[in-house]
Amino acid sequence: MTDFSAEFSSKLRASGVVGAGGAGFPAYVKARGRAEYALANAAECEPLLKKDQKILEYFPEKVFDGLEMLMRAVGAGRGILGIKKKHERIIPRLEAIAKNRRNISVLKMGDYYPAGDEHCLVYEATGRIVPPGGIPLDAGCVVSNVETLYNAASPGTPVTEKFITVAGAVKKPSTFRVPVGITWAEAAELAGGFAIKDPAAIDGGPMMGKVMTDFSAPVTRVSAGIIVLPKNHPLILKKTQSRALFSRVGRSACDQCSFCTEFCPRYLLGHDVRPHRVMRSLLFSAGPEHKLNSVYGLLCCECSLCSLYSCPEGLNPREACVSAKADLRAMKTGFKNSPLNSGRAPEVHPVREFRKVPVSKLVRRLGLDDYNKDAPWTEPAYSPARVRILMSQHIGPACVPSVTEGQRVEKGAVVGDVAADQLGCPVHASISGTVRAVNGKYVEITA
Ligand code: SF4
Ligand code: SF4
């Protein structure tokens, strides 16, 4: 590690920079690696979410600054910003900025889902395939989300604000920056308020996000935005199916057509993911027969394409894969000790190009056509009276609170941290005020 990498990564840790696209992987760990390519992931392929586009439209220089710093830290000779070519309004500006930066270029990608999957981006940008069970670093790449790079451009400045999109059934779908720890109800108010009576939301985008009904939950530094929908919207119902239900229906209705596998983005990259085989595991509750089929879910990235687009029967192979992985974990089986770990190099499927799923078709299939509109950038002057800073806002063990009730804290002060030898980084006060509550889950501050 060079002096710059050491200093940069230690500042990233101190300022709490984590993957802001939803993953929450601490950025300092990536900055310690060595890679040939640093990739800025600007694909933002979750339908209706716009925050990365808006960051690139309003603060592009900072994203390139962050990318340059990451390149220097990991020793990358090339930086590539991958964005969908449909963003033709902002691309000329990005290309003009890239021209003035050393060894950085803009990659224009098609509007398909999931272009923002790290493995897909690595392949599109470099022609390399991340090995099965591996990470982009194994293919000489480090990948960072646009907002993560924006934050990384100010190393040492605590992450106290979050860019989010609030879309769907709200009066004014919008994208803005808010203090970490405000409630989603407050965020929805900033987007004009709910446009329906009985709302639910999908936190993190319609494909990979989770259904949320408690709008008093706080915005975290990994939140990307919410899509507000009626509670009885088919997408909400599909995403909240119980294991008992999708297993019972899947077991009786799956005709093994294998469309789920044929469209699976990881299968098309040559990884041995076969959700139609995993569907067979629904016939067995445990034992070798279950394992024989469930191993084909081990490399599933949970993109949801099979459940929300590919399956003509409306079944839920994604959830079958998620459950299969959990069962295998309990049996102490992962990819490395599974029969799929053959050591063979993956080969891209010859028709991959023709099986990319256009986002416009996906939006229609998801029943989101009515909500598919811009969420313009706004700058609401909002000073919350209270914030709740969650102790778990990253991958790794949760932070331990480092403040006590009644204590005065200033914006940017550390309110929780993890031990230096553990994966994770501190969380900070997003407003100045008094600590009102401290527990293992959150620190509450009132202004
Ligand atoms: S696409 Fe649906 S019906 Fe076909 S194999 Fe997959 S889960 Fe079964
Ligand atoms: S969710 Fe389905 S389509 Fe996506 S990676 Fe997993 S098996 Fe493949």
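In β10, D203 has I226 as its bridge partner. This is one contact in a predicted model, and it is a good place to start. D203 belongs to strand β8, residues 199-203, which is joined to β10 by five bridges. The two strands run antiparallel. On strand β6, residues 161-168, the pairing with β10 is parallel and rests on four bridges. There, T165 stands opposite G225 of β10.

How many of the six residues of β10 are buried? Six of the six are, so the strand, residues 225-230, is largely enclosed by the rest of the structure.

Y371 brings a distant part of the chain into view. It sits in the loop between α17 (359-366) and β12 (386-390). Is Y371 buried or exposed? Its relative accessibility is 18%, and buried means under 20%, so Y371 counts as buried. Setting aside neighbours within four places in sequence, Y371 is in contact with L48, G168, A169, L229, P230 and H233. A169 is 202 residues away from Y371 along the chain, yet their C-alpha atoms are separated by 7.1 Å.

Now turn to another sheet. It is open, has four strands, and follows the order β3-β2-β1-β5 with parallel pairing. Which strands stand at its edges? They are β3 (104-109) and β5 (141-145). Each has a single partner strand, so one side of each is left without a neighbour in the sheet. From one strand to the next, the twist averages 25°.

Strand β1, residues 37-42, is joined to β5 by five bridges, and the two run parallel. Within that pairing, Y37 has C141 of β5 as its bridge partner. Helix α6, residues 118-126, packs on the sheet and touches β1, β2, β3 and β5. Its direction makes about 120° with that of β1. A second helix, α5 (residues 91-99), lies across β2 (78-84) and β3. Helix α5 runs at about 155° to β3.

Helix α10 comes next, residues 243-253. F246, S247 and G250 are buried in this helix. Seen down the axis of α10, the buried residues fall within an arc of 100°, so they line one face of the helix. A244, R248 and S252 lie on the other side of α10 and are exposed. What do the buried residues of α10 pack against? They pack against α13 (275-280) and α16.

Helices α13 and α16 lead on to the ligands. Ligand 1 is surrounded by 14 residues, of which C254, C257, S258, C260 and C311 are the closest. Two elements, α11 (259-262) and α13, give two or more residues to this shell. By class, the shell around ligand 1 holds nine nonpolar, three polar and two charged residues.

Ligand 2 has 13 residues around it, and C264, C300, C303, S304 and C306 come nearest. The elements giving two or more residues to its shell are α15 (305-310) and α16 (317-330). Its classes are 10 nonpolar, one polar and two charged. The links back to α10 are direct: its buried residues pack against α13 and α16. Helix α13 gives two or more residues to the shell of ligand 1, and α16 does so for ligand 2.

Note on methods: Residues numbered from 1 in each chain as written. Chains lettered and ligands numbered in written order. Predicted model: local features only at pLDDT ≥ 70, side-chain atom pairs only at ≥ 80, totals over all residues. Heavy atoms only, no water. Near = heavy atom within 4 Å. Nonpolar A, V, L, I, M, F, W, Y, C, P; charged D, E, K, R; others polar. Pairing = 2+ DSSP bridges. Axes fitted to C-alpha atoms, helices over the stretch in contact; angles between N-to-C directions. Contact = heavy atoms within 4.5 Å. Buried < 20%, exposed > 50% of the residue type's maximum accessible area, 1.4 Å probe, protein only. Arc of directions from axis to C-beta.
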